[in-house]
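Here is a structure to read with some care. The questions ask on what grounds certain words are used for it.

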Amino acid sequence: GVPSTYDAPVHIAVIGGTGIQSLPGFTLAATLDVDTPWGKPSSPISILHHPSPSTGKDVPVAFLSRHGLSHELAPHEVKNQANIAALRHLGVRTIIAFSAVGSLQEEVRPRDFVVPDQVIDRTKGIRPFTYFEKGMVGHVGFGDPFDIKLAELVRKCGHSLEGEGVTLHDKGTIICMEGPQFSTRAESNMYRSWGGTVINMSALPEAKLAREAEIAYQMICMATDYDCWRGAEGEDVNVEMVMGHMKANADNARRFVGAVLNELSKDEHAELVQGKHLVNQTKFAGSMTKK
Ligand code: ADE
């Protein structure tokens with residue numbers, strides 16, 4: 001059987017979204033059933049071994065399925081606090097998070113990828129969204145909600161796959177809405193007027209909790225639809241549309257994530273993946289990890 005413990009620290013994690021419930025092609029080294037003060041994460045955490053292109057040695061990567069192993073968690077039910085705390089407990093300081101998104105701009109076509117640099121919070125405050133409460137008061141900067149250094153590396157990897165079917169947009173603002181219902185046309189048009197590039201239900205509070213836990217975090221988005229702003233010019237978003245494009249383009253998504261893991265596993269990025277560049281913003285995050 002697969003081991004249920006893993007002793008060495010794991011610095012890199014992938015959070016898979018809709019359509020990416022697993023990462024095939026990697027060696028499964030352990031499956032961990034983690035518990036945290038915030039409960040159990042969305043799924044067991046798989047530890048995958050990835051051979052470093054620079055040393056040939058195996059680099060461990062943690063994989064977590066945001067919506068559960070069989071997509072049983074709605075966006076507002078995702079165990080965000082437990083997910084980030086469990087990863088941090090294993091030693092994770094770098095997260096690549098994947099998400100299916102609606103496009104709010106004509107030029108971002110379904111199956112295109114976006115490496116966003118901004119987020120607008122349109123969740124409704126019903127999701128547990130912080131670790132800093134009950135006497136543990138703190139405030140973290142969030143002007144750049146994604147990690148600048150990690151973003152640069154992710155963009156390079158995406159561009160290396162152009163010409164092999166991957167189209168990448170280097171920047172973008174995610175509107176993170178509450179859901180689970182999709183937006184009204186009036187909302188969709190308002191988000192466009194705000195400068196929104198894409199829309200999803202998953203970027204927050206995930207990215208905020210990662211920042212509080214002092215983990216470098218970057219989301220990779222894949223467009224699956226044009227939401228509902230195009231009106232008569234196109235069909236409104238529906239689940240079949242999202243799943244259809246996600247499934248059809250899953251190989252590209254996995255290749256993108258694979259290229260990023262390949263790069264992150266190189267010795268030259270050891271300091272980056274261990275979060276050496278992260279500013280100690282609070283005195284709390286360190287107490288979340290035992291490694
Ligand atoms: N995820 C994928 N498409 C979406 C949309 N149009 N709105 C919100 N979340 C989405």
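What follows is a set of questions and answers on the ligand, its surroundings and a few backbone features.

This is a predicted model, in which local features need pLDDT of at least 70 and side-chain atom pairs count only at pLDDT 80 or more, while totals for chains, interfaces and linings use all residues. Residues are numbered from 1 along each chain as its sequence is written, and side-chain values use heavy atoms, with hydrogens and water left out.

Q: What makes the pair formed by Asp 225 and the ligand a polar contact?
A: A polar contact is a pair of N or O atoms within 3.5 Å; within protein, one must also be able to donate a hydrogen and the other to accept it, and residues adjacent in sequence count only if both atoms are side-chain atoms. A polar side-chain atom of Asp 225 lies 2.6 Å from a nitrogen atom of the ligand, so this pair falls within the 3.5 Å limit. For Asp 227, a polar side-chain atom is 2.8 Å from a ligand nitrogen, and for Gly 102 a backbone N or O atom is 3.2 Å from one.

Q: How much of the ligand's accessible area does the protein cover?
A: On its own the ligand has 260 Å² of accessible area, and the protein covers 95% of that, with areas taken from the Shrake-Rupley method with a 1.4 Å probe, where for residues only the protein chains shown count as cover.

Q: Which residues of the shell around the ligand are charged, polar or nonpolar, by number?
A: The shell divides into 8 nonpolar, 3 polar and 2 charged residues; Ala, Val, Leu, Ile, Met, Phe, Trp, Tyr, Cys and Pro count as nonpolar, Asp, Glu, Lys and Arg as charged, and the others, Gly among them, as polar.

Q: Why is Lys 134 called exposed?
A: Exposed means over 50% relative accessible area, buried under 20%, and partly exposed in between (1.4 Å probe, protein chains only). Lys 134 has 80% relative accessibility and therefore counts as exposed. This residue, which is not a glycine, has a positive phi of about 50 degrees.

Q: Why is Glu 214 called buried?
A: Its relative accessibility is 6%, so Glu 214 counts as buried. Glu 214 also has a positive phi, near 60 degrees, without being a glycine.

Q: What makes the bond between Gly 179 and Pro 180 worth noting?
A: The peptide bond joining Gly 179 and Pro 180 is cis, with omega about 0 degrees. Most peptide bonds are trans. Leu 204 and Pro 205 are also joined by a cis peptide bond, with omega near 5 degrees.
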